[in-house]
Amino acid sequence: MRNRTLVLACAALALVSSSGAALGQEIGWERFSAELELGPTWQSKNDVQIPNTEAGTRFSLADLVGSGPYLAGRLYVTWNISERHSIRALLAPLSYTKPGTFDESVDFAGTSFDPDVSTDATYKFNSWRLGYRYRLLRSEHFRWWIGFTAKIRDAKIRLEQPGKAAEDTDVGFVPLLNLGLEYRPARRLYLLLDVDGLAGGPGRAIDGALKIGYDLSHRWSLAAGYRAVEGGVDIERVYNFAWFNYAVASVSFRF
């Protein structure tokens, strides 16, 4: 009798577990997920003036070194605390060093750079973020999220000519709001809009992506789409506004 009870209990536990797994597969929710995104990016705008006074010359890095493309990537790691609350971390490095030639003299960060001389330009804008998201809505076809993101900006602009160089670096904190929308016209197919952004005061920061994805399985997904990163700052010490356009592809794993 005891053995029969044990067998029935194990069977009931297995049934509950399998039902929970099936439900989890149906709703596509797991405790952790990771997404690796890669693709080329082009700078359609990257205007610089340091300092943002008469002592500095405003110039375009896009005109100096070209629009690209440059290879870029990012990694998202998400912890779903519950079905409504989640924490998401982002590692998004971006940098390049390219040669170019100025058409006229440029004063940058206390140094004068000559025209018609090969100039190496370095641009770095690494973004490290940690955010919280709350799921407002979940239906058969839609999911909505809102949240906030704490961003650490690690930026550098450097110019170098034979015998001289100058650079400006900046590491700072930027608060952002987050908005996410997922639409599923079919069980495995989805459209995703994901935006971190905030504008006001002397600057703004916007990072948004629109992607179409397909679930290969309960754990693996592929997606592709477009990402735009735009923003900058206008203060006395520095003026820099840039716009980068990305063609992206990503792979996601849930566990």
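Here are some short exercises, each with a worked solution, on the predicted model shown above.

**Exercise 1. Get your bearings**

Find how many helices and strands the chain has, and what share of its residues is buried.

*Solution.* Start with the secondary structure: the chain has 2 helices and 14 strands. Next, turn to burial. Of the 255 residues in the chain, 40% are buried. Then look at the surface, where the chain exposes about 13700 Å². Carbon and sulfur atoms supply 63% of that area. Finally, consider how the chain comes together: among contacts with a separation of 6 or more, 62% are between residues 24 or more positions apart.

**Exercise 2. Thr 149 and its surroundings**

Decide whether Thr 149 is buried or exposed, and find which side chain it joins through a polar contact.

*Solution.* First, place the residue: Thr 149 belongs to strand 9, which covers residues 142–161. Second, check its accessibility. The relative accessible area of Thr 149 is 8%, and the cut-off for buried is under 20%, so Thr 149 is buried. Third, list its contacts beyond four places in sequence. These are Arg 129, Leu 130, Gly 131, Val 174, Pro 175, Leu 176, Asn 178 and Asp 196. Fourth, pick one of them and compare sequence with space: Val 174 is 25 residues from Thr 149 in sequence, while their C-alpha atoms are 8.4 Å apart. Last, look at the side chains, where Thr 149 and Asp 196 are joined by a polar contact of 3.0 Å.

**Exercise 3. An enclosed space**

Find how many cavities of 30 Å³ or more the whole structure holds, and which residues line the largest cavity.

*Solution.* Begin with the idea behind the search: rolling a probe the size of a water molecule over the atoms shows where empty space is left. The search of the whole structure gives 1 cavity of 30 Å³ or more. The space in the largest cavity is about 70 Å³. Now walk around its lining, which consists of Tyr 76, Arg 88, Ala 89, Leu 90, Arg 129, Leu 130, Gly 131, Arg 133, Thr 149, Asn 178 and Asp 196. Thr 149 and Asp 196, the pair from the previous exercise with the 3.0 Å polar contact, are both in this lining. Then sort the lining by element. Strand 4 (85–92) and strand 8 (118–138) each give at least two residues, and the largest share, 4 residues, is from strand 8. By class, the lining has 4 nonpolar, 3 polar and 4 charged residues.

**Exercise 4. An open space**

Work out how many residues line the second largest pocket, and which strand gives the most to that lining.

*Solution.* Take the volume to begin with: the second largest pocket has about 810 Å³ of space. Its lining is made up of 50 residues. Those nearest the centre of the pocket are Phe 125, Lys 151, Arg 153, Arg 204 and Gly 232. To find the leading strand, look at residues 164–183: this is strand 10, which gives the most to the lining, with 7 residues. Split by class, the lining holds 28 nonpolar, 9 polar and 13 charged residues.

**Exercise 5. Backbone exceptions**

Find the residues that follow a cis peptide bond and the residues that have a positive phi although they are not glycine.

*Solution.* Keep the background in mind: most residues other than glycine have a negative phi, and most peptide bonds are trans. Take the peptide bonds first. The bond from Ile 50 to Pro 51 is cis, with omega near -5°, and Pro 51 sits in the loop between strand 1 (32–49) and strand 2 (59–60). The bond joining Gly 68 and Pro 69 is also cis, with omega about 15°. Pro 69 is in the loop between helix 2 (61–65) and strand 3 (70–80).

Now take phi. Ala 109 has a positive phi of about 50° and lies in the loop between strand 6 (106–108) and strand 7 (111–113). Its relative accessibility of 30% makes Ala 109 partly exposed. Asp 116 has a positive phi of about 60° and lies in the loop between strand 7 and strand 8. With a relative accessible area of 64%, Asp 116 is exposed.

Notes
Residues are numbered from 1 along each chain as its sequence is written. This is a predicted model: local features need pLDDT of at least 70, side-chain atom pairs count only at pLDDT 80 or more; totals for chains, interfaces and linings use all residues. Side-chain values use heavy atoms; hydrogens and water are left out. Buried means under 20% relative accessible area, exposed over 50%, partly exposed in between (1.4 Å probe, protein chains only). Contact means heavy atoms within 4.5 Å. A polar contact is a pair of N or O atoms within 3.5 Å; within protein, one must be able to donate a hydrogen and the other to accept it, and residues adjacent in sequence count only if both atoms are side-chain atoms. On a 1 Å grid over the protein atoms alone, a cavity is a set of points where a 1.4 Å probe fits but cannot get out, and a pocket is an open set with protein on both sides within 12 Å along at least five of seven lines; lining residues have an atom within 4 Å of a point. Grid points are joined across faces, edges and corners, and a volume is the space filled by probe spheres set on the points. Ala, Val, Leu, Ile, Met, Phe, Trp, Tyr, Cys and Pro count as nonpolar, Asp, Glu, Lys and Arg as charged, and the others, Gly among them, as polar. Accessible areas come from the Shrake-Rupley method with a 1.4 Å probe; for residues, only the protein chains shown count as cover.
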